[in-house]
Amino acid sequence: MTDLSHYRNIGIFAHVDAGKTTTTERILKLTGKIHKLGEVHDGAATTDFMEQEQERGITIQSAATSCQWDGHRLNIIDTPGHVDFTIEVYRSLKVLDGGIGVFCGSGGVEPQSETNWRYANESEVARIILVNKLDRLGADFYRVVKQVEDVLGANPLVMVLPIGIEDDFKGVVDLLTRKAWVWDDSGDPTNYTVEDVPADMTDQVEEWREKLVETALDQDDDLMGKYLDGEEPSIDDLKRCVRKGTIALDFFPTYCGSAFKNKGIQLVLNAVVDYLPNPMEVKPQPEVDLEGNETGKFAIVDADKPLRALAFKIMDDRFGALTFTRIYSGKLNKGDTLLNTFTGKNERIGRIVEMHADERIELDSAQAGDIVAFIGLKNTRTGHTLCDPKNPATLEPMVFPDPVISIAIKPKDKAGSEKMGLAINKMIQEDPSFRVETDEESGETIIKGMGELHLDIKVDILKRTHGIEVEVGKPQVAYRETITQRVEDSYTHKKQTGGSGQFAKIDYIIEPGETNSGFTFESTVSGGNVPREFWPAVQKGFRNMMGEGVLAGFPVLDVHVNLTDGGFHAVDSSAVAYEIAAKAAFRQSIPKAGAQLLEPIMKVDVYTPDDHVGDVIGDLNRRRAMILGQDAGTTGVRVKAEAPLAEMFGYIGDLRTMTSGRGQFSMEFSRYAPCPKNVADDVIKEVQERNAKK
């Protein structure tokens, strides 16, 4: 049996370009997993194995690998930082026990860092912090620590202090042991010496160590009492307290270094072992029933309990579909048959592999605490639970956001048409935030995603991975419709065709619902004018019409329907008649209820050098943005704004032109808001013209 106390399932997450993949690469080198370092900027990083990742120097899909450090097994997932791929971060955090949040020493807490941190808070994942790139111009460890407090509302527990900064950065002081780790300039991470604290840092080290000790001892009243009486705690006692507070999310041990220059990473690895939880120390996963309600039972991390496993990622490669799975309890062997509780079908485990980026190591068995991949599962998708058929249970599923942008694509030739269907099917299985539908009338394939880059990558994968040349239409915004007024109305459906006919009469009120309520329904009918057994049919009729509004055919949001009265016929009334009546009533009343177009509003975070702030803000105003605030840093200004998605297409090109290539931005969906009349009129006209051409 494997000792689970020596397991660490961790993820590395951060903003774009904070150095996550480089940090992973250094960890693999230090743990002996790889012997030659690959650099992101050369397109040679181990975990960035997609062509698109190597070209663009960004991580697109999370990659899994494992290694050994100090007698412990580390299962590591390197996640993307770009906002369009946060789905990868979300689903990775869902199955991890701990994480390393990487922040850039000069960029600090950037927009995507906030989103990732929020996801980690929601998933209750214990974390340590690495302030990376301290060798860069403008790096400031203490400023980033302050930002973690102010922007993230987190409590960083400083464990090391940097020796030197920017070009002079050469090592760190470990506050626990009061020892300095100093690296030479050879670039070899093992070429370091452990020395006494530099004379000019002793006061600073004592000041920060006192803060560390007091914060840690808050976890143990007895030790705190002895400390106040003048008794110095042992390093083992301090480590125990830091571990306890880290797992409880009371604070986050904070380290610094330069992954690129190979300085400071050993202490981070030691911290993973010392402070992050093993699989048995985290809250067990709740089990739910088929409706998604918690049953009060949990998947206890124990190899002797019934099997519970969650598929968190599907990846297609040259060997077939890989299903990445976190095993929460129980154990399984190659050839076992498991139950997928979502589909109700059994799946046979043909092969079990341990992943090292895109290489694989065959295994005969796996058990609670493991993160492995299964090859050859037919019907399992992201978020599905696999369990023991004799002892079924479902784990809490994952919830994915709706796409905000779509484009039409079509293959350039007939031969590509069939291939494209198969390729897109594989891509949907891999990425739950990627959706596809076919326009019935035009026959066009509409792909939907989280942003321009997201869809750009998908088209690129179609071309290069699957060899399908496609024509791409211009991006379309996912508008919505709603109503603004209360309407009381009545509708009678009557049809006589010899024999029994159809009859249904409904009186109802349609009014705006609560924000984000979707569709809500109630019945206040009294006296049996509409028999109770027909109420669900009325509800179903109205609900089914919410998919297509009257202005431009976009889905309708936030409508409340109250069935107040009606009439029925003893012979001719039926559920079908009431459903038809409700559908016709919807079409009749929505235009009277002040139908309104809604557009997606994005949270935009722009970084710009000081001398271009005016240009950037002026340009955002022209894009109908609302400026929410500015935050001046040492190397530039962050402008926070909200802007309609429709105005933000192609923004990165314009921003780079305005800022001589130095500007950056990130954008994520915030909410739907009413469209200005002139914009709504243009959108409706465009949809009508498009429909006329069909």
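**Exercise 1. Is Arg 624 buried, partly exposed or exposed, and what is its relative accessible area?**

Solution. Keep in mind that you're working with a predicted model.

Step 1: Arg 624 has a relative accessible area of 28%. Buried needs under 20% and exposed needs over 50%, so Arg 624 comes out as partly exposed.

Step 2: Now look at its partner. The side chain of Arg 624 meets that of Glu 599 in a salt bridge, at 2.8 Å from N to O.

Step 3: Find both on the chain. Arg 624 sits in the loop between helix H14 (613-622) and strand S36 (626-632), while Glu 599 belongs to strand S35 (residues 596-608), so the pair ties together parts that are 25 residues apart in sequence.

Step 4: Check Glu 599 too. Its relative accessibility is 2%, so Glu 599 counts as buried.

Step 5: There's a network to spot as well: Asp 619, Arg 622, Arg 623 and Asp 654 are joined by salt bridges that share partners.

**Exercise 2. Work out which parts of the chain the salt bridge between Asp 196 and Lys 179 ties together.**

Solution. Start with the general idea: side chains of opposite charge can pair when their charged atoms come close.

Step 1: For Asp 196 and Lys 179, the closest N and O atoms are 3.1 Å apart. The cut-off is 4 Å, so this pair passes as a salt bridge.

Step 2: Asp 196 lies in strand S10 (residues 192-196) and Lys 179 in strand S9 (residues 179-183), so the bridge links parts 17 residues apart in sequence.

Step 3: Asp 196 is exposed, at 55%, whereas Lys 179 is partly exposed, at 32%.

Step 4: Try the same recipe on Lys 331 and Asp 304. Their closest N and O atoms are 3.7 Å apart, and they form a salt bridge. Lys 331 is in strand S16 (residues 331-333), and Asp 304 is in the loop between strand S13 (294-299) and strand S14 (308-317), so this pair ties together parts 27 residues apart in sequence.

Step 5: Lys 331 is partly exposed, with 47%, and Asp 304 is exposed, with 62%. Over the whole model, the count of salt bridges comes to 28.

**Exercise 3. Decide whether the rings of Phe 103 and Trp 117 are stacked, tilted or edge-to-face.**

Solution. A search of the whole structure turns up eleven aromatic pairs.

Step 1: The ring centres of Phe 103 and Trp 117 are 6.0 Å apart, and their planes make 50 degrees, so the pair is tilted. That follows because stacked means under 30 degrees and edge-to-face means over 60.

Step 2: Phe 103 is in strand S4 (residues 98-104) and Trp 117 in helix H4 (residues 111-122), so the pair ties together parts that are 14 residues apart in sequence. Both Phe 103 and Trp 117 are buried.

Step 3: Look around these rings. Together with Phe 252, Phe 103 and Trp 117 make one aromatic cluster. The charged end of Arg 127 also sits over the ring of Trp 117, 4.3 Å from its centre.

Step 4: Repeat with Trp 183 and Tyr 192. Their centres are 5.6 Å apart and their planes at 40 degrees, so this pair is tilted. Trp 183 counts as buried, at 4%, but Tyr 192 counts as partly exposed, at 32%.

**Exercise 4. Find the average pLDDT of the protein.**

Solution. The average is 80, and 85% of the residues score at least 70. Go carefully over residues 34-62, where pLDDT stays under 50.

Technical notes
Residues are numbered from 1 along each chain as its sequence is written. Side-chain values use heavy atoms; hydrogens and water are left out. Rings of Phe, Tyr and Trp (its six-membered ring) pair if their centres lie within 6.5 Å; planes under 30 degrees apart count as stacked, over 60 as edge-to-face and the rest as tilted. Helices (H or I, at least four residues) and strands (E, at least two) are DSSP runs, numbered from the N terminus. Buried means under 20% relative accessible area, exposed over 50%, partly exposed in between (1.4 Å probe, protein chains only). A charge sits over a ring if NZ of Lys or CZ of Arg is within 6 Å of the ring centre and within 35 degrees of the ring normal. pLDDT is the predictor's confidence in each residue, from 0 to 100. Contact means heavy atoms within 4.5 Å.
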